[in-house]
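Colleague: Please pick one part of this model and go through it closely, with what lies on either side of it. After that, place it in the chain as a whole.

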Amino acid sequence: MSTQPRKRIHLAAHFPGVNNTTVWSDPAAGSHIEFDSFVRFARTAERAKFDFLFLAEGLRLREQGGKIYDLDVAGRPDTFTVLAALAAVTDRIGLTGTINSTFNEPYEVARQFATLDHLSAGRAAWNVVTSWDAFTGENFRRGGFLPREDRYTRAREFLATATELFDSWDGTEIAADPATGTFLRDARAGAFEHRGHHFDIGGRFNVPRGPQGRPVVFQAGDSDEGREFAAAHADAIFSRYGTLEEGRAFHADVKRRLARYGRRHDQLLILPAATFVLGDTDAEARELAHEVRRLQVSGATAIAFLEHVWNRDLSGYDPDGPLPDVDPEPGENTVALGRASVRMFRDPLATARQWRELAEAKNLSIRELVIETTGRQTFVGSPATVAASIDELVQADAADGFILVPHLTPDGLEGFADTVVPLLQERGVFRHDYEGTTLREHLGLGVPAAGSP
């Protein structure tokens, strides 16, 4: 019998956006802009003792065929504003935001995260992302011109520069002694200088060191370069792999990279995104999951998704009919500008051949094919089944926890919080209450010393 201690599970909640996971047409769905939606979502996650709330961000409304891609959530408010406001109405849950390293400046971003860390009493986290397309860059002064091979080079220097700014205060500078009239012990507090390829700056950083020293750093890249970036710099990495075999392979690959940077396995958490559908029984949950997928992939959605691969207007095709008999149109000028899914199909002709074979073998319509080939729910079943599945994957080192993405906003987490979380607590693998006050404490991460890697 194994004496290996059971791993504690990390859980987080993603407020859906910039995707079509959300079933916004459901009568139970609410606003993605009104503050009350964010408050209700955050408080449910905090009631369930989740580690953090996560906000994704899109920097431009994406287009398809020259028109706004209205299957996205449009009009998402600014991330920092929402997270700062949530800091005032929550107490313990971490506040994680996606902020782009391609179209921002290190001083500005470091100042915003250091401020959020103070306002939240140590709950700030930064999901560092890069941008690959000039389409998004058209909203910015540089026009998006950054060769794809340079995006991680800039990201590494961006994060290194921001870290230098966070560390320009070590936390001991403020004396605030009225007897001597001394406010600062160190007259050089906040001084920094960075001379590099992408950033050439020097001056004074004006936000003292926050409760966490630095915000927790997340990374979401799945490429080899992205995995290496995470192993060198991140505290947690968002994974695409929520199944046992793929999850274990990804988990092992990223963790083995840590040693070359002098890091231990527990200094980087692997957290896949996960969708879920719950029912009183497994059979009921499967029926509900099928209905949710049909709501997520309407006829219009299926045609729009197929256009990502075919790179041509398919609006004249019947979503309940067969696949187009014409081939995809390869090329860089895509009909779906800014869509990450376009990058997923690097060989559209090969993808089309595979899909035609699958559709013929199973007699699938366009809509049925899209449902078949796009993401299914990660966890489907009764609360007991879902709790057991999550525990099994974490104990098998397929993940260190999961970031849950409900299909309903803002109340889609409530069923999970009320039924699955208590079962995980009974198993002894999830906390009954917060044991610390900062996000680093929730994640089991130490506070980095100023100047440390």
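Modeller: Two strands count as paired if DSSP finds at least two bridges between them. Strands (E, at least two residues) and helices (H or I, at least four) are DSSP runs, numbered from the N terminus. The model is predicted, so local features need pLDDT of at least 70 and side-chain atom pairs count only at pLDDT 80 or more, while totals for chains, interfaces and linings use all residues. Residues are numbered from 1 along each chain as its sequence is written, and side-chain values use heavy atoms, with hydrogens and water left out.

The part I take is strand S6, residues 124–129. S6 is mostly covered, with six of its six residues buried; buried means under 20% relative accessible area, exposed over 50%, and partly exposed in between, with a 1.4 Å probe and protein chains only. In a regular strand the side chains alternate between the two faces of the sheet. In S6, Ala124, Trp126 and Val128 point one way, Ala125, Asn127 and Val129 point the other way, and both sets are buried.

S6 has a parallel partner in strand S5 (residues 94–100), to which six bridges join it. One residue pair in this ladder is Thr96 with Ala125 of S6. The connection between the two strands involves helix H3 (residues 106–119): S5, H3 and S6 make a right-handed β-α-β unit. A crossover is right-handed if, with the strands pointing away from the viewer, the path from the first strand over the helix to the second runs clockwise.

S6 is also joined to strand S11 (residues 216–219), by four bridges and again in the parallel sense. Here Asn127 has Phe218 as its bridge partner, and Val128 stands opposite Gln219. S11 is covered on both faces: Val216 and Phe218 are buried on one side, and Val217 and Gln219 are buried on the other.

From S11 the pairing can be followed one step further. S11 and S12 pair in the parallel sense over two bridges, and Phe218 stands opposite Ala236 of S12. Phe218 is therefore listed both with Asn127 of S6 and with Ala236 of S12. S11, helix H6 and S12 make a right-handed β-α-β unit, as S5, H3 and S6 do.

Helix H7 (residues 244–256) also belongs in this picture. Its buried residues are Gly247, Phe250, His251, Asp253, Val254 and Lys255. What covers them includes helix H6 (224–233), strand S12 (236–239) and strand S13 (269–274); cover is counted by contact, meaning heavy atoms within 4.5 Å. The expected span of a helix is 1.5 Å times one less than its number of residues. For the 13 residues of H7 this gives 18 Å, and the end C-alpha atoms are 18 Å apart, so the two values agree.

Some backbone details elsewhere deserve a check. The peptide bond from Thr409 to Pro410 is cis, with omega near 10°, and Pro410 is found in the loop between strand S17 (401–404) and helix H14 (414–426). Ala176, in strand S7 (residues 174–177), has a positive phi of about 45° although it is not a glycine. Ala176 counts as partly exposed because its relative accessibility is 45%. Asn311 has a phi near 55°, also positive in a residue other than glycine. Asn311 sits in the loop between helix H9 (299–310) and strand S15 (336–337) and counts as buried because its relative accessibility is 10%.

As for the whole, the protein chain has 15 helices and 17 strands. Its radius of gyration is 23 Å, close to the 22 Å that the globule rule gives for 453 residues, so the chain is as compact as a globular protein of that length. That radius is taken over C-alpha atoms, and the rule is 2.2 Å times the number of residues to the power 0.38. The C-alpha atoms fill a box of roughly 80 × 55 × 45 Å along the principal axes. Of the 453 residues, 52% count as buried. Among contacts between residues at least 6 apart in sequence, 75% join residues at least 24 apart.
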